[in-house]
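Here is a set of questions and answers on one structure. Look at the sequence and the model first.

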Amino acid sequence: MATLSEVKPPEAVLSNDEILRYSRHLIMPEVGMEGQKKLKAAKVLCIGAGGLGSPLALYLTAAGVGTLGIVDFDVVDYTNLQRQIIHTTADVGRKKLDSAADKLAAINPFLNLRTFDMKLTSANALELFREFDIVADGTDNFPTRYLVNDACVLTGKPNVYGSIFRFEGQASVFATEEGPCYRCLYPEPPPPGLVPSCAEGGVLGILPGLIGVIQATETIKLILGQGDSLAGRLLLVDALGMKFRELKLRKNPDCPVCGTHRTITELIDYDQFCGIRGEEAPVFGGLSVMSVEELKKKLDAKADIFILDVREPHEYQICNLGGYLIPLGDLPKRVSELDSSREIVAHCKMGGRSAKAVAFLKQAGFTKVSNLTGGITAWAERVDTKMPKY
Ligand code: ZN
């Protein structure tokens, strides 16, 4: 396998300031002057400046990666601060790119930072990836993850992958010349709504640190051409049990994008592929919906309406509408607790789980049941702004 160092001879020259800055690298035989020059010559593209992107960008910058690109179109939200350590409280409301750029420039003035204020799409990914040597994937959703994978395969760039959920994380290196890609492992995305997002299911604030640092380590090793990369191995991290396991991965000859009979030779519509349109929760056919404003009106008019809360008890403790709590998973066995003659509005945090609850209840014969669009989050944003959001 051709390593990056073989195809890309180092040309960078280190100043005396840089030699001093990187002295703890320079005295390591695995890095040395030659390795540090490779780092300076390297161009790494980081997808996202969020949970995984924070440690990735901070450590790659500190380590002396010469050119770092970051793609992000988001602004810093208060709920990001629990894990996205490149941003501070004062940055809330700022573009993540601007916030990250300030921190990275302060850490290492030698960095050539290139920011891309846009959503990564099928229309721009290939052109962008071609300008870099390695892509580090810090995305948190399936459409972008498949897009990053396919674009890496099509442009021949290694994909340093990481993903996180609650206490569990994964890391690997995909799309190296001989190694498998993400689709060799997961040819198809899970059905929409089956796997909760971090916003729905939560994530331990430290976990992106753990996984992002593993991604940064793999990125540096690829640049140096040192050690055994995670290519061909999926590292599984269980922070609760503090166990690290790994699965052997093989290139799948039937892989649609990197196999012997490829069916995907250009980028596709990944939202459609993943069964998702836009940011909304999955929509089920013929689903009745109610806005938070409508619900408020009905409650103020003392209308007979039964509020069904399908979240988990620990979410109910954070905030609630005084609804009747039946977690979505318990609904099938507790459905007899509900009165089908009454008007029912179901809600969860954002509307995804309650949409499933409504679909289930309709199938069970309930006719006067609707889904609260946007969930209790919309209620806290538009009706009761004193209510805590989470
Ligand atoms: Zn593949």
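Q: How many aromatic pairs does the count come to?
A: The model is predicted. Rings of Phe, Tyr and Trp pair if their centres lie within 6.5 Å. By this rule the count is nine.

Q: Y182 and Y186 form an aromatic pair; is it stacked, edge-to-face or tilted?
A: The ring centres of Y182 and Y186 are 5.2 Å apart, with 55 degrees between the planes. Planes under 30 degrees apart count as stacked and over 60 as edge-to-face. The angle of this pair fits neither class, so the pair is tilted.

Q: Are Y182 and Y186 buried, partly exposed or exposed?
A: Buried means under 20% relative accessible area, and exposed means over 50%. Y182 has 3% relative accessibility, so Y182 is buried. Y186 has 30%, so Y186 is partly exposed.

Q: How are the rings of F306 and Y324 arranged?
A: A pair of aromatic rings is described by the distance of the centres and the angle of the planes. For F306 and Y324 the centres are 5.6 Å apart and the planes stand at 45 degrees. That makes the pair tilted.

Q: How many residues apart in sequence are the parts that F306 and Y324 tie together?
A: F306 lies in strand β10, residues 305-309. Y324 lies in strand β11, residues 324-325. F306 is buried at 18% relative accessible area, whereas Y324 is partly exposed at 34%. The parts tied together by this pair are 18 residues apart in sequence.

Q: Which residues form one aromatic cluster?
A: Y182 and Y186, the tilted pair, both belong to this cluster. The full cluster is Y146, Y161, F174, Y182, Y186, Y270 and F273.

Q: Which residue lies over the face of F142?
A: The distance to the ring centre of F142 is 5.3 Å. A charge sits over a ring if NZ of Lys or CZ of Arg is within 6 Å of the centre and within 35 degrees of the ring normal. The residue over F142 is R145.

Q: How many residues of α8 are buried?
A: Helix α8 covers residues 142-155. Its end-to-end C-alpha reach is 20 Å, close to the 20 Å expected at 1.5 Å a residue. Among the buried residues are R145 and Y146. α8 is mostly covered, and the buried count is 12 of 14.

Q: What geometry does the site of the zinc ion have?
A: The zinc ion is coordinated by SG of C181, C184, C255 and C258, at 2.3 Å. Angles among the four donor atoms run from 94 to 120 degrees. Four donors count as tetrahedral if all angles lie between 85 and 135 degrees. The site is tetrahedral.

Q: How far apart in sequence are the parts that C181 and C258 tie together?
A: The donor residues are spaced C-x2-C-x70-C-x2-C. C181 sits in the loop between β6 and α9, and C258 in the loop between β8 and α12. Both C181 and C258 are buried. The pair therefore ties together parts that are 77 residues apart.

Q: What span should helix α11 have at 1.5 Å a residue?
A: Helix α11 has 18 residues, 207-224. Of these, 13 are buried, so α11 is largely enclosed by the rest of the structure. Its end C-alpha atoms agree with the expected span of 26 Å.

Q: Which residue has a side chain joined to that of Q36 by a polar contact?
A: Q36 is found in helix α4, residues 32-41. Its relative accessibility is 0%, so Q36 is buried. The contact is 2.8 Å, and the partner of Q36 is H25.

Technical notes. Residues are numbered from 1 along each chain as its sequence is written. This is a predicted model: local features need pLDDT of at least 70, side-chain atom pairs count only at pLDDT 80 or more; totals for chains, interfaces and linings use all residues. Side-chain values use heavy atoms; hydrogens and water are left out. Helices (H or I, at least four residues) and strands (E, at least two) are DSSP runs, numbered from the N terminus. The expected span of a helix is 1.5 Å times one less than its number of residues. Buried means under 20% relative accessible area, exposed over 50%, partly exposed in between (1.4 Å probe, protein chains only). Rings of Phe, Tyr and Trp (its six-membered ring) pair if their centres lie within 6.5 Å; planes under 30 degrees apart count as stacked, over 60 as edge-to-face and the rest as tilted. Donors are N, O and S atoms within 2.8 Å of the metal (3.2 Å for Na, K and Ca); water is not among the atoms, so sites may look incomplete. Four donors count as tetrahedral if all angles lie between 85 and 135 degrees; four count as square planar and six as octahedral if opposite donors are over 155 degrees apart and all others between 65 and 115; anything else is irregular. A polar contact is a pair of N or O atoms within 3.5 Å; within protein, one must be able to donate a hydrogen and the other to accept it, and residues adjacent in sequence count only if both atoms are side-chain atoms.
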